[in-house]
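Colleague: Hi! I have just opened a structure that is new to me. Could you walk me through it?

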Amino acid sequence: MGKEDINFWHDELVRVTDWVKLGDQKAAFLSAYYLAIFGLILANKNSILQTSHNLLFWFLATTISISFIAGLFFIFKAIFPCLENNSTDKSLFYYKHVAETKIVDFLKKSRNIKDGDKKDQLLEQVYTNSLIAEMKMVNIKNGIKCLFLTLILLSVFLFVI
């Protein structure tokens, strides 16, 4: 295994980490839309409360609430994914393991790591970050679906009331 191989996998780790960052940016963007919907509901609360005697009102209000809360749940899961690296408890590339290691031990392990172990740990981190990116993107996709459902139902709701 040559230096080029390690550089390739390091570049891959950077690329996958960028996907994780992109997921965080998308989640923040979606959060703004959910906040706008909440503001819209608050701004129309008087007219909403005046029509609360209608059966259609209760159906739409319940459906909107469920869709809105589900969307927030998915966005929350995208922002705070499971970050556990359960493959090993001594990785030199996983931030939590590094933070739990004394600096003297970390320096010693860093100096003594063999190229094969270095590559394995790097590959493990690429894999772990890929799982995190995938979880984020799936949750963001579900959050977007809930957002569109909420917007459609809210449009019908505001038209009806």
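Modeller: Happy to, and we can take the overall fold, then the pocket, then a few residues. One thing to keep in mind is that this is a predicted model.

Colleague: Good to know. How many helices and strands does the protein chain have?

Modeller: The protein chain has 6 helices and 0 strands. Read from the N terminus, the order of elements is α-α-α-α-α-α.

Colleague: And what does the C-alpha trace span along its principal axes?

Modeller: The span of the C-alpha trace is about 75 × 30 × 20 Å. The radius of gyration is 23 Å, whereas a compact globule of 161 residues would have one near 15 Å.

Colleague: What share of the residues is buried?

Modeller: Of the 161 residues in the protein chain, 31% are buried.

Colleague: What about contacts along the sequence, what percentage join residues at least 24 apart?

Modeller: That is 83%, counted among contacts between residues at least 6 apart in sequence.

Colleague: Let's switch to pockets. How much space lies in the largest pocket?

Modeller: The largest pocket holds about 230 Å³ of space. Helix H2 (45-50), helix H3 (55-79) and helix H6 (115-160) are the elements that each give two or more residues to its lining.

Colleague: Which of the elements gives the most to that lining?

Modeller: H3 does, with 6 residues. The lining has 13 residues in total, and Ile41, Ile48, Ala61, Ile64 and Ser65 lie nearest the centre of the pocket.

Colleague: How does the lining split by class?

Modeller: There are 10 nonpolar residues, 2 polar ones and 1 charged one.

Colleague: Tell me about H3 then. How far does H3 reach from its first C-alpha to its last?

Modeller: H3 reaches 36 Å with its 25 residues, close to the 36 Å expected at 1.5 Å a residue.

Colleague: Which residues of H3 are buried?

Modeller: The buried ones are Phe57, Leu60, Ala61, Ile64, Ser67, Phe68, Gly71, Phe74, Ile75 and Ala78. As background, an α-helix has 3.6 residues a turn, so residues three or four places apart point the same way.

Colleague: Phe74 is on that list. What does Phe74 touch beyond its neighbours up to four places away in sequence?

Modeller: Phe74 touches Asn139, Asn142, Gly143 and Cys146. Also, the C-alpha atoms of Phe74 and Lys141 are 8.5 Å apart in space, with their positions 67 residues apart in sequence.

Colleague: Let's look at Asn139 from the other side. Where is Asn139?

Modeller: Asn139 sits in helix H6. Leaving out residues up to four places away in sequence, Asn139 touches Phe74, Lys77 and Ala78.

Colleague: Why does Asn139 count as buried?

Modeller: Because its relative accessibility is 8%, and buried means under 20%.

Colleague: What about Phe76, buried or exposed?

Modeller: Phe76 lies in helix H3, and Phe76 counts as exposed because its relative accessibility is 51%. The cut-off for exposed is over 50%.

Colleague: How far is the C-alpha of Phe76 from that of Arg15?

Modeller: Those C-alpha atoms are separated by 23 Å, and the two residues are 61 apart along the chain.

Colleague: Last one: what is the relative accessible area of Gly116?

Modeller: For Gly116 the value is 39%, so Gly116 is partly exposed. Gly116 is found in helix H6, and its C-alpha is 9.6 Å in space from that of Ile6, although the two are 110 residues apart in sequence.

Colleague: Thanks, that gives me a good start!

Note on methods: Residues numbered from 1 in each chain as written. Predicted model: local features only at pLDDT ≥ 70, side-chain atom pairs only at ≥ 80, totals over all residues. Heavy atoms only, no water. 1 Å grid on protein atoms, 1.4 Å probe; cavity = no way out; pocket = protein on both sides within 12 Å on 5 of 7 lines; lining within 4 Å. Points joined across faces, edges and corners; volume = space filled by probe spheres on them. Helix = DSSP H or I, 4+ residues; strand = E, 2+ residues; numbered from the N terminus. Nonpolar A, V, L, I, M, F, W, Y, C, P; charged D, E, K, R; others polar. Expected span 1.5 Å × (residues − 1). Buried < 20%, exposed > 50% of the residue type's maximum accessible area, 1.4 Å probe, protein only. Contact = heavy atoms within 4.5 Å. Rg over C-alpha atoms; globule rule 2.2 N^0.38 Å.
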